[in-house]
Amino acid sequence: MNLLAASVDLPSLPPVGLQHYLAVSAILFCLGVLGVLVRRNILVMYMSLELMLNASNLALVAFSRFNNNLNGQVMVFFIITVAAAEVAVGLALIVALYRKRQTAHVEDLTTMKL
Amino acid sequence: MALSDIFFYLFAALTLFCGLMVVANPLSRNPVTSAIFLVLTIVSMSGLFVLLHAFFLAAVQILVYAGAVMVLFLFVIMLLDLKEEERRKFKVISAGIGALAVFGTAAIFLKSIGTTQWKGAAPTIEGSTVALGKLLFDKFLLPFEIVSVLLLVAMIGVILLSRKELK
């Protein structure tokens, strides 16, 4: 890590702290929300959900680092595991839905009946 | 300005740019492009994890997300025929209202992050595999086992869902 600690003369931006990571996480989360709200393709909406999960992961890791507590990282590990399970089930549902309806567009999927 | 700060700004910019390209790519609305940009987002985010000294999670992020999850996504995209989806017309009004709501939320988030006084303890922990493993098999043993059962349940559920004749 000596390489990372080395100093370079560049125009002065503030030193990176917890709030920088939280800002990145917040913006990424909002991008995910934007994707779910604006895009109508069910797969892209699903990817936006992954984006939101990743943003929360980043916030948890940043809090864990700056509070000197590893529990946050264990939480992120569990979130990644649950997200993997969720992706598997969700994509299986999308494939099953596509077989019935021949569409992956949410505006064609407005009725509960198959 | 430390070199790690430069890397932070680099990876943060890359993460946010690729995240934006996932949801609002001006050149292509193909889900495959979104998936590839999601892979890039995840990889640059694991760079941020390395900067936060969460080395194990950075590796897991690449292995599980960029590897397993995204391959699954690409498989499904290839399985479904999505040619027709690209020709849909884009509803500007609803998208604009959605974007407005999201920008409001983002403004509230960033304002509250900016005005909070974060206590500045010097970070000393390392998210090494050894440290995380010790926590995982000691303090968090029960959640760990429950998560393994959850993975089994998900696997059975997926097999059930992907049968030929779905009732």
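**Note on the A/B model**

1. Gln102(A) is found in the segment after helix H4 (71-101) of chain A. This is a predicted model. Phi of Gln102(A) is near 60 degrees. That is a positive value, and the residue is not glycine. Is Gln102(A) buried or exposed? Its relative accessible area is 53%, and exposed means over 50%, so Gln102(A) counts as exposed.

2. A second positive phi sits in the other chain. His53(B) also has phi near 60 degrees, again in a residue other than glycine. The residue lies in the loop between H2 and H3 of chain B. Its relative accessibility is 14%. Buried means under 20%, so His53(B) falls in that class. A reader checking backbone angles has both residues to look at: Gln102(A) after H4 of chain A, and His53(B) in a loop of chain B.

3. Now chain A as a whole. Which elements does chain A have? The count is 4 helices and 0 strands. Read from the N terminus, the order is α-α-α-α. The chain has 114 residues, and 56% of them count as buried. Take the contacts in chain A between residues at least 6 apart in sequence: 51% of these join residues at least 24 apart. Chain A exposes about 5000 Å². Carbon and sulfur atoms supply 67% of that exposed area.

4. Next, the interface. The size of an interface is often given as the accessible area lost when the parts come together. Here, about 7700 Å² is buried between chain B and chain A. Carbon and sulfur atoms give 77% of this buried area. In residue terms, 86 residues of chain B are in contact with 83 residues of chain A.

5. What about polar links across the interface? How many salt bridges does the rule find between chain B and chain A? The number is 0. Polar contacts do occur: 9 residue pairs are counted between the two chains, with both residues at pLDDT 80 or more. On the chain B side, at least two residues each come from helix H1 (3-23), helix H2 (31-51), helix H3 (55-79), helix H4 (92-115), helix H5 (129-136) and H6. H1(B) gives the most, with 14 residues.

6. Arg39(A) deserves a look. It is found in the loop between helix H2 (18-38) and helix H3 (42-66) of chain A. With a relative accessible area of 7%, against a limit of under 20%, this arginine counts as buried. Which backbone oxygen lies 2.9 Å from a polar atom of the Arg39(A) side chain? It is that of Val23(B). The backbone oxygen of Arg29(B) lies 3.4 Å from a polar atom of the same side chain. Leaving out residues up to four places away in sequence, Arg39(A) touches Leu34(A), Val44(A) and Met45(A) in its own chain. In chain B, the list is Val22(B), Val23(B), Ala24(B), Arg29(B) and Ser34(B).

7. Ser28(B) is placed in the loop between H1 and H2 of chain B. Its relative accessibility is 17%, so it counts as buried under the 20% limit. What does the side chain of Ser28(B) reach at 3.1 Å? The partner is the backbone nitrogen of Asn30(B). A polar contact of 2.8 Å also joins the side chains of Ser28(B) and Thr33(B).

8. Val32(B) is in helix H2 of chain B. Its relative accessible area is 24%, so it is partly exposed, the class between 20% and 50%. Outside four places in sequence, Val32(B) touches Leu74(B), Ile77(B) and Met78(B). Val22(B) is 10 residues from Val32(B) in sequence, and the C-alpha to C-alpha distance is 9.7 Å.

9. Last, the surface of chain B. Which residues make the nonpolar patch of about 410 Å²? They are Leu152(B), Met155(B), Ile156(B) and Ile159(B). Of these, Ile156(B) lies in helix H6 (residues 141-161) of chain B. H6 is also one of the helices that supply at least two residues of the side of chain B that touches chain A.

Technical notes: Residues are numbered from 1 along each chain as its sequence is written. Chains are lettered from A and ligands numbered from 1 in the order in which they are written. This is a predicted model: local features need pLDDT of at least 70, side-chain atom pairs count only at pLDDT 80 or more; totals for chains, interfaces and linings use all residues. Side-chain values use heavy atoms; hydrogens and water are left out. Patches are made of residues with over 30% relative accessible area and no salt bridge: like charges are joined within 9 Å, nonpolar side chains (Val, Leu, Ile, Met, Phe, Trp, Tyr) within 5 Å. Accessible areas come from the Shrake-Rupley method with a 1.4 Å probe; for residues, only the protein chains shown count as cover. A salt bridge is a side-chain nitrogen of Lys or Arg within 4 Å of a carboxyl oxygen of Asp or Glu. Buried means under 20% relative accessible area, exposed over 50%, partly exposed in between (1.4 Å probe, protein chains only). Contact means heavy atoms within 4.5 Å. Buried area is the accessible area (1.4 Å probe) that two parts lose on being put together, summed over both. A polar contact is a pair of N or O atoms within 3.5 Å; within protein, one must be able to donate a hydrogen and the other to accept it, and residues adjacent in sequence count only if both atoms are side-chain atoms.
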